[in-house]
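Grab your viewer and work through a few short exercises on how two parts of one chain meet. Try each one yourself before reading the solution.

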Amino acid sequence: MSNIVRIILSSLLLVGTVALFWFGHWGWGILGILITILAWVTVFFNENMLIAQWFLRKENMAKAEQWLGNIKNYENQLISAQHGYYHMLLGILESQRAPLQSEKYFKKALSLGLHMSHNIALAKLSLAGVAMAKRNKREAEKLLAEAKKADKNKLLADQIKMMKNQMGLMDKQQFRYSR
């Protein structure tokens with residue numbers, strides 16, 4: 001359902017709720033307020049994305065992918081602030097199946113814009129993992145430094161440290177095989 005339709009339906013619900021209060025139906029008016037608030041929330045936060053994120057937290061990737069699949073045309077169904085997050089969720093799901101294929105989703109998410117610094121750090125950390133898998137150490141180091149800079153609340157500090165340790169092991173393996 002497009003956002004224009006959601007806005008129209010939410011406005012109609014708001015008018016109906018005001019009418020319920022006007023005619024003295026206080027109980028139904030309070031219920032109408034709750035439904036109207038829920039309808040307005042779905043204008044700014046797509047319900048498919050919210051449910052997909054919930055399933056990602058529960059580590060049920062199949063269900064999360066199913067709910068993201070319900071978004072057929074993300075440009076019409078989502079507000080522009082959610083486009084980057086949509087591609088980031090697709091990248092997270094794709095990284096479970098084929099990590100090297102998830103690079104395009106994370107790059108698109110960063111180009112469309114992510115607003116929270118820890119999400120930017122997560123996307124750059126994932127891109128650093130892809131660069132390490134491709135044996136591109138210079139790009140991986142650059143992306144890890146950017147991820148560390150973007151991670152202001154130190155939510156990904158352990159993962160960044162683990163990636164740096166893996167990069168050190170990668171150097172040792174290259175040294176061992178180059179002899």
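The exercises below deal with a predicted model and go from the domain split down to a single residue pair.

**Exercise 1.** Find where the chain is divided into domains, and how far apart the domain centres lie.

*Solution.* Start with the split: domain 1 covers 1–44 and domain 2 covers 46–178. Next, take the C-alpha centres of the two domains, which sit 37 Å apart. Then look at who takes part in the contact: 7 residues come from domain 1 and 7 residues from domain 2.

**Exercise 2.** Work out how much area is buried between domain 1 and domain 2, and which three residues of domain 1 supply the most.

*Solution.* The buried area comes to about 550 Å². Split that by atom type, and carbon and sulfur atoms give 36% of it. Now go to the domain 1 side: Asn3, Arg6 and Phe44 supply 62% of what domain 1 buries against domain 2, more than any other three residues there.

**Exercise 3.** Track down the salt bridge between the domains, then describe the side of domain 1 that touches domain 2.

*Solution.* The count is 1 salt bridge between domain 1 and domain 2. Arg6 pairs with Glu47 in a salt bridge, with 2.7 Å between the closest N and O atoms; the cut-off is 4 Å, so this pair qualifies. Polar contacts between the domains add up to 2 residue pairs. As for helices, α1 (3–22) and α2 (26–44) each bring at least two residues to the touching side of domain 1, and α2 gives the most, with 3 residues. Sorted by type, the residues on that side are 3 nonpolar, 3 polar and 1 charged.

Key. Residues numbered from 1 in each chain as written. Predicted model: local features only at pLDDT ≥ 70, side-chain atom pairs only at ≥ 80, totals over all residues. Heavy atoms only, no water. Domains from an automatic or database assignment. Contact = heavy atoms within 4.5 Å. Buried area = accessible area lost by both parts, 1.4 Å probe. Salt bridge = Lys/Arg side-chain N within 4 Å of Asp/Glu carboxyl O. Polar contact = N/O pair within 3.5 Å; in protein donor to acceptor, adjacent residues only side chain to side chain. Helix = DSSP H or I, 4+ residues; strand = E, 2+ residues; numbered from the N terminus. Nonpolar A, V, L, I, M, F, W, Y, C, P; charged D, E, K, R; others polar.
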